[in-house]
Amino acid sequence: MHNREQLKRHADLVDRMATVRGIDLEEQALRGNVSIDEISDAVLSCTNCTNPEHCQQWLNARESAPATPEYCRNADLFAELAPK
């Protein structure tokens with residue numbers, strides 16, 4: 001079971017990763033391109049990552065990126081939602 005702080009941390013990481021990839025998750029949800037359940041699943045997937053500290057450093061070092069780090073558990077979702 002994940003605690004509230006862990007979920008908040010990973011929700012922030014998912015949101016920041018989306019932003020770095022040029023994705024507005026709220027906008028994508030409103031357009032029907034991603035469901036709230038899919039976003040929740042992405043956060044839960046992120047909680048299983050073994051590199052959250054590195055991810056945070058990676059995000060802190062850039063404002064945009066053409067791809068996620070290779071270890072990102074949500075790379076496919078972000079690739080699908082990213083602007084073409």
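**Exercise 1.** Which side chain meets Glu53 in a salt bridge? Classify the exposure of both partners.

*Solution.*
Step 1. The model is a predicted one. In it, the side chain of Glu53 meets that of Arg9 in a salt bridge, at 3.4 Å from N to O.
Step 2. Place the partners. Glu53 lies in helix 4 and Arg9 in helix 1, 44 residues apart, so the pair links distant parts of the chain.
Step 3. Apply the cut-offs: buried is under 20% relative accessible area, exposed is over 50%, and partly exposed is in between.
Step 4. Glu53 has 46% relative accessibility, so Glu53 counts as partly exposed. Arg9 has 30%, so Arg9 counts as partly exposed too.

**Exercise 2.** Find how many salt bridges there are, and describe those that do not involve Glu53.

*Solution.*
Step 1. The count comes to three salt bridges.
Step 2. Glu5 pairs with Lys8, with the closest N and O atoms 3.9 Å apart. The cut-off is 4 Å.
Step 3. Both Glu5 and Lys8 sit in helix 1, three residues apart, about one turn of the helix. An α-helix has 3.6 residues a turn, so residues three or four places apart point the same way. Glu5 and Lys8 are both exposed.
Step 4. Glu27 and Arg31 meet through their side chains at 2.6 Å, N to O. Glu27, at 32% relative accessibility, is partly exposed. Arg31, at 58%, is exposed.

**Exercise 3.** Check the length of helix 3, then state which of its residues are buried and what covers them.

*Solution.*
Step 1. Helix 3 has 12 residues, and at 1.5 Å a residue these should span 16 Å.
Step 2. The end C-alpha atoms of helix 3 are 17 Å apart, which agrees.
Step 3. The buried residues in helix 3 are Ile39, Ala42, Val43, Ser45, Cys46 and Thr47.
Step 4. Their cover includes helix 1, helix 2 (25-30) and helix 5.

**Exercise 4.** Describe the largest nonpolar core and trace the contacts of Phe78.

*Solution.*
Step 1. The largest nonpolar core holds 23 residues. Those with the most contacts inside this core are Val14, Ile23, Leu25, Trp58, Leu59 and Phe78.
Step 2. Helix 1 (4-20), helix 3 (36-47), helix 4 (52-60) and helix 5 (75-81) each supply at least two core residues. Helix 1 gives the largest share, five residues.
Step 3. Set aside the neighbours of Phe78 within four places in sequence. Phe78 then contacts Val14, Met17, Ala18, Arg21, Ile23, Thr68 and Cys72.
Step 4. Set this against the general trend. In soluble globular proteins, nonpolar side chains tend to be buried together.

Technical notes
Residues numbered from 1 in each chain as written. Predicted model: local features only at pLDDT ≥ 70, side-chain atom pairs only at ≥ 80, totals over all residues. Heavy atoms only, no water. Core = buried A, V, L, I, M, F, W, Y, C linked by side-chain atoms within 4.5 Å. Buried < 20%, exposed > 50% of the residue type's maximum accessible area, 1.4 Å probe, protein only. Helix = DSSP H or I, 4+ residues; strand = E, 2+ residues; numbered from the N terminus. Contact = heavy atoms within 4.5 Å. Expected span 1.5 Å × (residues − 1).
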